[in-house]
Every structure is written in C-alpha cells, then in structure tokens.
Amino acid sequence: MTKPAITRDSVKQLDQEDSMQKYKKEFYQENFHYMDGNSLGLLSQRAEKALTTSLEDWKEHAIEGWTEAEEPWFYMSEKIGRMTAPLIGAEAEEVISTGSITSNLHQLLATFYKPIGKRTKILADELNFPSDIYAMKSQLEWHGLNPDDHLIRVKSEDGSSLSEDNIIKEMDEDVAVLLLPSVLYRSGQVLDMKKITEAAHEHGIIVGFDLAHSIGALPHELNEWGVDFAVWCTYKYLNSGPGGVGGLYVNEKHLGKAPGLAGWFSSNKDKQFDMSHDLMHADTAGAFQIGTPHILSSAPLIGSLELFQEVGIEEVRNKSLKLTRLLMDLLHQELSGLGFQIANPLQDERRGGHVCLIHEEAASICKALKKENVIPDFRSPNVIRLAPIAFYTSFEDVYDVILTLKDIMENEKHKQYKNERGIIA
Ligand SMILES: *Cc1c(COP(=O)(O)O)cnc(C)c1O
C-alpha cells in the first residue's frame, strides 16, 4: 500500500491535533517562515517580559537589584541553572548559567584537562564546529603541546556522520579528555552519548559534550550516563536572544573541585563579599563562573525556560520529530529529481532538530528562499539546514516552505543569484 499523498488539508489536521499549537502565537514572527531557529531562536513574549522586568528592576532598585529585584540578579545564574537541569537530565547543583560555549569550554578544559605522563591527548572529531577546535588547540598550546599530534580528530566516513565504533577505537591510555558534539551541527546526527561515555570511562577518559544542537531539542540523561561535563549556548533552541548567556554542567562527582579559571563569582555566595584574597569556591557548578553575570542577556531565559517547564522536553522532541519527518516526506513527494540529497540520519533516534539538505546550488537557493520570506540556514559549501521548531513552527508552515522551494526550483528562480555565501552564513 502506498502512503496517501500529503495535502494542505492533511497538514492542517495535524495542526489541529497538536497540543503545542497554542504556543505559536507567543512568538514574534510576522511575515516569514522561520527555519533558522537552530542558529537564533525567535523572541517569545515571555522572554521579552522577563527582560523588561530586569530593566524595570534596574530603573527602580539600582544597585539593590542584586538582591531586591523581582528576579534577584545575584541568584539569577543559579535559578536559570535549576530551570535548565530537567532539559539535560541533571541535578540542579550540577548546572549553572554562565559564559558562552567557547568560554565555558576553556573553563572546563582548564579544570579537567590535566596532561599527565602518557595521558596527554584530547579526542575530538573532524566534523566539529571550528570554535570548539580552536579552544582545544589553544588549550593544548597553553600546556606546551603540539595540536598536530595531541588533538585526535576522528574521521567521518561519509563527510556527514560519525561512527561511535570509530570513536571508541581511538580511545586508549594516551587520551585524557574527550570532547564531542551531542548533535552534529551540519548533518544533525545524534551521537550515542551513553555508549560513548561508558566506553570512555572504561579507558579512564574524562567525557565532555557540546550540547549546542541538542539542548532544547531533545532530552538527555547526563547524570545517569555519568557524563563528566557539558557546555551549551542558549540562543539556538532555547530562544534566549542574540548573545544570550550559555551554560555548563559538571557531574556531581566532580563538585567541590576548584575551577581551572577562577574569579570572584566562582565563590561560595555567602563568602563572596568577605572580599578575601583566598577563594572559597562554591561546591556546586556555580564554582565554574568567573565574573559578574550578564543579567540583561540572562533575563530572557527565565521567560523562555518557563515555556519548556510547561510543555516538557519529551513533548517538544515528539513534535520536533513529527515536523522533520513531515519535511522529509514532503521533499520526497514534491522535490524528487531536483538535485536534493538528505544528509541527516533518517531514523528518529539518530536525527536531531533539523533537516540537512545537500545541493550544488545551495547558496543561491537560500538567497531565493529569503526573497520569498522563508529563512533557511546555509552552511558552506553546499548545505541547507531547515529547522522547524516545535514551539513556533506549524505543520502547515512546513508545507508552505516545501511549496515555496518547489516553486523556486521548477521556475529556476535561484538562478538569478550568485551561488556563493554572504558574510554571515
Ligand atoms: C553555535 C555553536 C558554537 C558557538 O559558540 P559560542 O561560544 O556560543 O559563540 C560553538 N560550538 C558549536 C558546536 C555550536 O553549534
């Protein structure tokens, strides 16, 4: 039996049955179909309100806002940590809101990467995001080690995905720390974090993950899996806004450890204002903060995370999988033979929050999509990422996006643009 054709009526039906549909109107998206929430999530009314509250607190309380604000600034990073913990399967004290992915990586590598004897290498992969690689290389150099022979980058067999078995093959007593993405930023492949963590621990390796493309998109069980540390940003699936403050997780077994990079916000909060020159660091993940928190870039998260608390990450994941499945089914139905290749894993358990399309003319197609008010994401040289977001993308939006893409391809509307990237892509 062949599957019945997908029609506008059938996707409208999906929207009617969708329990998350009511959240769409809480997000600002006037005249476009936004498929780039995996790079910068949209503003919600609640995030806006939380930011306004912090501004009002500043107006009203000035310095007293640190303790008297509606959301006291002194405790905001811890509060956001508590709100984030359920998204990654962590205990509240294992999580803190602070820094950016890259600065948090530096902090946690400075804390956990201690080359000793033979155990001097960092295990990573060749598909990782450049900033993570730069951080790892500079950490090696900081220790006087040459990245050419101390940074192991596991090869991809097909240019899009990694094999856990190939990663595990590289684990030996030379490796001190492993750092991998939870979800690959181009192909959207979900790595088996549990399996990798178990294998690494058998080899005495400390395990870190970069959750940039999984936090807010799918559930994790970091504590249960025993992952040692993790970092993430919040401006992607967590909708905190441009430059929103990131976060980190440190497994409870390491709490109490001194931060590699210390500052006064690493302090035990009761002692911080003693102004001692001897740091008494917090015995929670709060110890891995450095300086004064960026309150105005943190506040939106309080509102945004409220939405995740209400819905629960399981339901977010459930809808996200349906959206990406529909997108792929529609590609088959409407766009076969037009040069697109799906490069993300097809199975649900292996697929993150976006669909990855490869096309020779990806750059010009993305320009044509933007002209038609569809906002995709281009990754050089030939990748189009489309991320329908559970909170604010409807099934009908996905249908419209595919019809727009079909119209562009059939009428060669993209041919009027140069097939090269812009300054930000
Ligand atoms: C988005 C992203 C980053 C960005 O790092 P920042 O320090 O937040 O700018 C780093 N790594 C990965 C894998 C990303 O997807």
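**View 1. The salt bridge between Asp377 and Arg379 in the predicted model.** In this predicted model, the side chains of Asp377 and Arg379 meet in a salt bridge, with a separation of 3.9 Å from N to O, which falls inside the 4 Å limit applied to such pairs. Asp377 is buried, its relative accessible area being 4%, and Arg379 is buried as well, with a value of 16%. Elsewhere, salt bridges that share partners link Glu26, Arg46, Glu306 and Glu310 into one network.

**View 2. The surroundings of Arg186.** Arg186 is placed in the loop between strand E5 and helix H9, and with a relative accessible area of 26% this residue counts as partly exposed. When neighbours within four places in sequence are left aside, Arg186 is in contact with His354, Cys356, Arg379, Ser380, Pro381, Val383 and Arg385, so that Arg379, the partner of Asp377 in a salt bridge, appears again here as a contact of Arg186. For orientation along the chain, Ala368 lies 182 residues away from Arg186 in sequence, and the C-alpha atoms of these two residues are separated by 21 Å.

**View 3. The salt bridge between Arg8 and Asp400.** A search of the whole structure finds 25 salt bridges, and one of them joins Asp400 to Arg8, with the closest N and O atoms 2.8 Å apart. Because Asp400 belongs to helix H14 (residues 395-410) and Arg8 to helix H1 (residues 8-16), the pair ties together parts of the chain that are 392 residues apart in sequence. Arg8 is partly exposed, at 28% relative accessibility.

**View 4. The salt bridge between Glu78 and Lys269.** A salt bridge is formed where the side chains of Glu78 and Lys269 meet, at 3.1 Å from N to O. Glu78 lies in helix H4, whereas Lys269 lies in the loop between strand E8 (247-250) and helix H11 (295-311), and the pair therefore ties together parts that are 191 residues apart in sequence. Both Glu78 and Lys269 are buried.

**View 5. Helix H9 and what covers it.** In helix H9, which spans residues 193-202, the buried residues are Met193, Ile196, Thr197, Ala199 and Ala200. The cover over these buried residues includes two helices, H8 (164-169) and H10 (222-225), together with two strands, E5 (175-181) and E6 (206-210). After H9 comes Gly204, whose phi is positive, near 70°.

**View 6. Gln139 within helix H6.** Gln139 is found in helix H6, which runs over residues 130-142, and this residue is buried, with a relative accessible area of 7%. Not counting residues up to four places away in sequence, Gln139 touches His106, Leu109, Ala110 and Tyr113.

**View 7. A negative surface patch that includes Glu91.** Glu91, Glu93, Glu252 and Asp283 form a negative patch on the surface. Glu91 sits in the loop between helix H4 (76-88) and strand E2 (95-97) and is partly exposed, with a relative accessible area of 39%, a value over the 30% that patch residues are required to exceed.

**View 8. A nonpolar surface patch that includes Leu55.** Leu55, Trp58 and Leu296 make a nonpolar surface patch of about 290 Å². Leu55 has its place in helix H2, residues 45-61, and is partly exposed, with a relative accessible area of 35%.

Definitions and conventions
Residues are numbered from 1 along each chain as its sequence is written. This is a predicted model: local features need pLDDT of at least 70, side-chain atom pairs count only at pLDDT 80 or more; totals for chains, interfaces and linings use all residues. Side-chain values use heavy atoms; hydrogens and water are left out. Patches are made of residues with over 30% relative accessible area and no salt bridge: like charges are joined within 9 Å, nonpolar side chains (Val, Leu, Ile, Met, Phe, Trp, Tyr) within 5 Å. Accessible areas come from the Shrake-Rupley method with a 1.4 Å probe; for residues, only the protein chains shown count as cover. Lys and Arg count as positive and Asp and Glu as negative; His and the chain ends are not counted. The place of a charge is taken as NZ of Lys, CZ of Arg, CG of Asp or CD of Glu. Helices (H or I, at least four residues) and strands (E, at least two) are DSSP runs, numbered from the N terminus. Buried means under 20% relative accessible area, exposed over 50%, partly exposed in between (1.4 Å probe, protein chains only). Contact means heavy atoms within 4.5 Å.
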